[in-house]
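Biologist: Could you walk me through this model at the level of contacts and angles? I'd like each answer to end on the value or name I ask for.

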Amino acid sequence: MSTEPAAWRDRSLPEVGRRVRVPKMAEIVADYVRRQIVRGELRGGDALPREATLLARFDVSRPTLREAFRVLESEGLIVVRRGANGGAKVQEPDPALAARQAGLILQHRGTTLADVDEARIVLEPQAVGLLAERADAESVARLRAALAGHDAAAHEPLRSIRVHVAFHSLLVELAGNRTLELLARLLEQIVDQANVEQVASTVGTPAHARASRKGFSAHHLVVDLIEAGEREAAAGLWRRHLVEARAYLERPHVTTVLDLMA
């Protein structure tokens, strides 16, 4: 029987001779605070202890602590106010920050709007199918209320398209899969801007009237199918709706995310 400590027998450990990167103290401090935030031990609005207390607790220098704070600030997990009455306060992780970062990455990679639409056409119908399978009375009531707001905005094109995008987001949220919800949020900013710009440029045209009419119809019908628990029918309808919307939103001079966001 081997007398090695169990941890030493872990095959995931680096091979002998390979260089192991030792994290900087600032990274260790940032990781400790980050873990407290994501575990809910520190909540949004909580103040971190004063600088002198943290220096003593972590046994680090002031520059090291401030470097750790800069890391956490860049991640949107704390906000630091300077001055005599300053200090660090916790902010809960914000999906909007991840969405902005994702948008920058997509721009840098020259991602096309067709690529974004393709991802959306894969993602949203799956969420709609899950929702049809799981929907309860409260979820259906929220969808009906959203439709009422959508109908009320019918004669205000720019407001209507924002409500339209929000309805798509609500469908994914109510599906109850947090991973799908986050992925949808990453695309939402891009989709929202594309929709608003296209509506602004086509409002009053037959193309806009036709797309608006079809959109309203699809939204009402999908809620009926969700309420009836018709998973396949609801997902199929939503996929067709997204494909038709993609055709309306295409613009020859705006083909990439960078074109759109620039």
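**Contacts, bridges and packing**

Biologist: Let's start with Lys89: which residues does Lys89 touch, not counting residues up to four places away in sequence?

Modeller: Contact here means heavy atoms within 4.5 Å. With residues up to four places away in sequence left out, Lys89 touches Gly45, Asp46, Ala47, Leu77, Ile78 and Val79.

Biologist: What should I know about the model and the numbering before we go on?

Modeller: This is a predicted model, where local features need pLDDT of at least 70 and side-chain atom pairs count only at pLDDT 80 or more, while totals for chains, interfaces and linings use all residues. Residues are numbered from 1 along each chain as its sequence is written, and side-chain values use heavy atoms, leaving out hydrogens and water.

Biologist: Where does Lys89 sit, and how far is its C-alpha from that of Val79?

Modeller: Lys89 belongs to strand 2 (residues 87-90); helices (H or I, at least four residues) and strands (E, at least two) are DSSP runs, numbered from the N terminus. Along the sequence, Lys89 and Val79 are 10 residues apart. In space, their C-alpha atoms are separated by 5.4 Å.

Biologist: Is Lys89 buried, partly exposed or exposed?

Modeller: Buried means under 20% relative accessible area, exposed over 50%, and partly exposed in between, with a 1.4 Å probe and protein chains only. Lys89 has 41% relative accessibility, so its class is partly exposed.

Biologist: On to charges: how many salt bridges does a search of the whole structure find?

Modeller: Side chains of opposite charge can pair when their charged atoms come close. A salt bridge is counted when a side-chain nitrogen of Lys or Arg is within 4 Å of a carboxyl oxygen of Asp or Glu. Searching the whole structure, the number of salt bridges is 16.

Biologist: How many residues apart in sequence are the parts that the pair Arg144 and Glu227 ties together?

Modeller: The side chains of Arg144 and Glu227 meet in a salt bridge, 2.8 Å from N to O. Arg144 lies in helix 6 (residues 137-152) and Glu227 in helix 9 (residues 206-227), so the separation in sequence of the parts they tie together is 83 residues.

Biologist: Which residue forms a salt bridge with Asp192, and where is that partner?

Modeller: The closest N and O atoms of the bridge are 2.4 Å apart, and Asp192 pairs with Arg162. This pair links distant parts of the chain, 30 residues apart, with Asp192 in helix 8 (residues 178-202). Asp192 counts as buried at 18% relative accessibility, whereas Arg162 is partly exposed at 45%. The partner Arg162 is in helix 7 (residues 157-174).

Biologist: Which residues are joined into one network by salt bridges that share partners?

Modeller: For contrast, take a pair inside one helix: Arg185 forms a salt bridge with Glu188, their closest N and O atoms being 3.9 Å apart. Both lie in helix 8, 3 residues apart, about one turn of the helix. The network made by shared partners joins Asp31, Arg34, Arg35 and Glu75.

Biologist: How are helix 6 and helix 7 oriented to each other?

Modeller: Axes are lines fitted to C-alpha atoms, for helices over the stretch in contact, and angles run from 0 to 180 degrees between N-to-C directions. Helix 6 and helix 7 pack at about 170°, with their axes 9 Å apart. Angles under 35 degrees count as roughly parallel, over 145 as roughly antiparallel, 65 to 115 as roughly perpendicular and the rest as oblique. Helix 6 and helix 7 are therefore roughly antiparallel.

Biologist: What covers the buried residues of helix 7?

Modeller: The buried residues of helix 7 include Ile161, Val165, Phe167 and Leu171. Their cover includes helix 5 (113-134), helix 6, helix 8, helix 9 and helix 10 (231-249).

Biologist: Which residue just after helix 7 takes a positive phi?

Modeller: The phi is about 85°, and the residue is Gly176.

Biologist: Which residue has a positive phi although it is not a glycine?

Modeller: Its phi is about 55°. The residue is found in the loop between helix 2 (51-58) and helix 3 (62-74). At a relative accessible area of 69% it is exposed, and its name is Asp59.

Biologist: Last one: is Gln36 buried or exposed?

Modeller: Gln36 is found in helix 1 (residues 25-38). Beyond four places in sequence, Gln36 touches Glu41 and Leu42. With 19% relative accessibility, Gln36 counts as buried.
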